[in-house]
Amino acid sequence: MRKILKLIFQRVVIVGAFLAIQVAILVSMILKFNNYFVYFYGISILLSAIAVLSIISNKSNPGYKIAWIIPILLFPIFGGLFYIMFGVNQLSKREKKKMAIIGEKMVQALNQEEPILESIQEESETAANQSRYISHYAYCPPYTNTATEYLPLGEIAFARLKEELRKAEHYIFLEYFIIEEGIMWNSILEILQEKAAQGVDVRVIYDDVGCIMTLPYKYNKKLESMGIKCCVFNPFIPILSSRLNNRDHRKILVIDGHTGFTGGINLADEYINAYEKHGHWKDTAIMLKGDAVWSLTVMFLTLWSYNTNTDEDYSRYKPHVHQKERHQGQGYVQPFTDSPLDGEAVGETVYLNLINKAKKYVYINTPYLIIDNEMVTALCNAAKSGVDVRIVTPHIADKWYVHAVTRAYYEALLESGVKIYEYIPGFIHAKTFVVDDLYSVVGTINLDYRSLYLHFECGVWLYKNESVQSVKEDFLSTLEICKAISLQECQEVSWYRKLGRSILRVFAPLM
């Protein structure tokens, strides 16, 4: 009985109940109006027609458009109203002004004096074009004087993270989608609490939806009582709204401005295999030391300013302020961010540029393969042109319906020559690209609609950097414990399973 009561009073259950009640009231009101007013049906049809025309004419992804148009046409009485409530990703004038200020702050803070882009152009026009796009649309420039270390497992990343945290003397910034009490977070929190007591400026941002099942309500107050500054991104209020879609999926840790981490790893025990959630959990991260950490710092500070309505002097947090000596590294390092609110799909374009410019190979790790027509076309065309395209996805699913959609894409890709593998030991959560021994991206960006269009994300673009080879070697060693998926296997899937996957695939942009 105690377990049942605990489950009933969990925040996610209470919030879900409130939302369900609102939906039920809304539907019953619509049905009542439909019964009593002869004109209501016509108004509903008109509203749905306007919604469809609006969807067709806007700049959103075609897959996202189809996923909304079908239910609107099937349920014209409810469809238009539901699209207006949940499908329109519009900011208020106040929010637009705040976002514009953040953009200006990023441009000012990341304005680069050294002509590093010109150096890249002297080596490769192709690389310069990719770097220039990131500079112009994510406001994040390329850097030299940065050492990188690719971390191929959560356990390795965890050890390095704790090691660097203990060295902090001035400030620690953490921004994560998921934080969960347990071995990983509790040991990190112990260090953070100790550092805060020493006068180190410790700040934490966590996403409210990402942590709704993993942290107690108002956990930020608990952190603040320990001397740790904390803010919650986009607090989940049980009111029907499209704003619930936009989440902070980034994973950023910055220490004293000169050391930074990002990648797929959240702060929860499954990421370090402290317990088995979906078999062995394969994840990756990258550590930066040097000038490029400045972009990660600015990403954190701008979102902190956005959440807390504060303004501060960013220059106090630059790498050279607390860095005793400049770090050296090979090649170029370009951390970048992607916002769902600026109309520019930076993450997808970075991936497409890598695929379209590849000459020899493209190796991809992704937990989800839920991609739009542009990405499917790019992957297929690359494989048809003779590029060795290989993709590793999980064998054990974290969400059965998402995994079903992932597998729905296999057949078309395999027919074009793309090679697909499943990670047999369990779940692969890594998000990495490596191309032609020249380029790599390590970050938080999944190959799905949420990451590419709805979430705040980040990654690190690498060119001729020492970690490119490390990413490649890790990918090839991972292949040794993967199963190659054959076209015959996909063709032998039962018709009803194919039908189910096809239906799920249509609505994948809304998942």
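Start your tour by selecting Val-254 and Gly-260: Gly-260, in β7, is the bridge partner of Val-254. The two belong to strands β6 (residues 252-255) and β7 (residues 259-263), which run antiparallel and are joined by four bridges. Strands here are DSSP runs of E with at least two residues, helices are runs of H or I with at least four, and both are numbered from the N terminus. Two strands count as paired if DSSP finds at least two bridges between them.

Before going further, a word on the model. It is predicted, with local features needing pLDDT of at least 70 and side-chain atom pairs pLDDT 80 or more, while totals for chains, interfaces and linings use all residues. Residue numbers run from 1 along each chain as its sequence is written, and side-chain values use heavy atoms, without hydrogens and water.

**Stop 1: the seven-stranded sheet**

Now widen the selection to β1-β9-β7-β6-β2-β3-β4, the order in which seven strands form an open sheet with mixed pairing. At its edges are β1 (146-151) and β4 (229-233), each pairing on one side only. Neighbouring strands are turned by 10 degrees against each other on average, direction ignored. Add helix α19 (residues 466-479), which lies across β1 and β9 (285-290) and runs at about 5 degrees to β1. Axes are lines fitted to C-alpha atoms, for helices over the stretch in contact, and angles run from 0 to 180 degrees between N-to-C directions. Contact means heavy atoms within 4.5 Å.

**Stop 2: salt bridges**

Select Arg-203 next. Its salt bridge with Asp-201 has the closest N and O atoms 3.0 Å apart, and a salt bridge with Glu-312 has an N to O distance of 2.9 Å. The latter pair links distant parts of the chain, with Glu-312 in the loop between α12 and α13 and Arg-203 in strand β3 (residues 201-207), 109 residues apart. A salt bridge here is a side-chain nitrogen of Lys or Arg within 4 Å of a carboxyl oxygen of Asp or Glu.

Are these three residues buried or exposed? Arg-203 is buried, at 4% relative accessible area; Asp-201 is buried at 16%; and Glu-312 is buried at 17%. Buried means under 20% relative accessible area, exposed over 50%, and partly exposed in between (1.4 Å probe, protein chains only).

Move on to Arg-407 and Glu-422, whose salt bridge has its closest N and O atoms 2.9 Å apart. Arg-407 sits in helix α16 (residues 400-408) and Glu-422 in strand β13 (residues 419-423), 15 residues apart. Arg-407 is partly exposed at 25%, whereas Glu-422 is buried at 2%. For a network of salt bridges, select Glu-149, Arg-160, Glu-163, Glu-164, Lys-167 and Lys-289. The structure holds 25 salt bridges.

**Stop 3: around β15**

Show the side chains of strand β15 (residues 432-435). Thr-432 and Val-434 point one way, Phe-433 and Val-435 the other, and all are buried. In a regular strand the side chains alternate between the two faces of the sheet.

Strand β11 (residues 361-365) runs antiparallel to β15 and is joined to it by four bridges; Asn-365 has Thr-432 as its bridge partner. Strand β16 (residues 439-443) also pairs with β15 in the antiparallel sense over four bridges, with Val-434 opposite Ser-440. Three residues separate β15 and β16 in their hairpin, where Asp-436 takes a positive phi near 55 degrees.

**Stop 4: two asparagines**

Most residues other than glycine have a negative phi. Select Asn-145, with phi near 50 degrees, in the loop between α8 (125-137) and β1. Then try Asn-309, with phi near 55 degrees, in the loop between α12 (293-308) and α13 (319-322). Asn-145 is buried at 14%, while Asn-309 counts as exposed at 52%.

**Stop 5: a buried methionine**

Which residues does Met-375 touch, not counting those up to four places away in sequence? They are Glu-348, Tyr-351, Leu-352, Ile-355 and Leu-447. The C-alpha atoms of Met-375 and Leu-447 are separated by 9.0 Å, with the residues 72 apart along the chain. Met-375 lies in helix α15 (residues 373-384) and is buried, with a relative accessible area of 0%.

**Last stop: the whole chain**

Zoom out to the full chain, with its 21 helices and 18 strands. Of its 511 residues, 56% count as buried.
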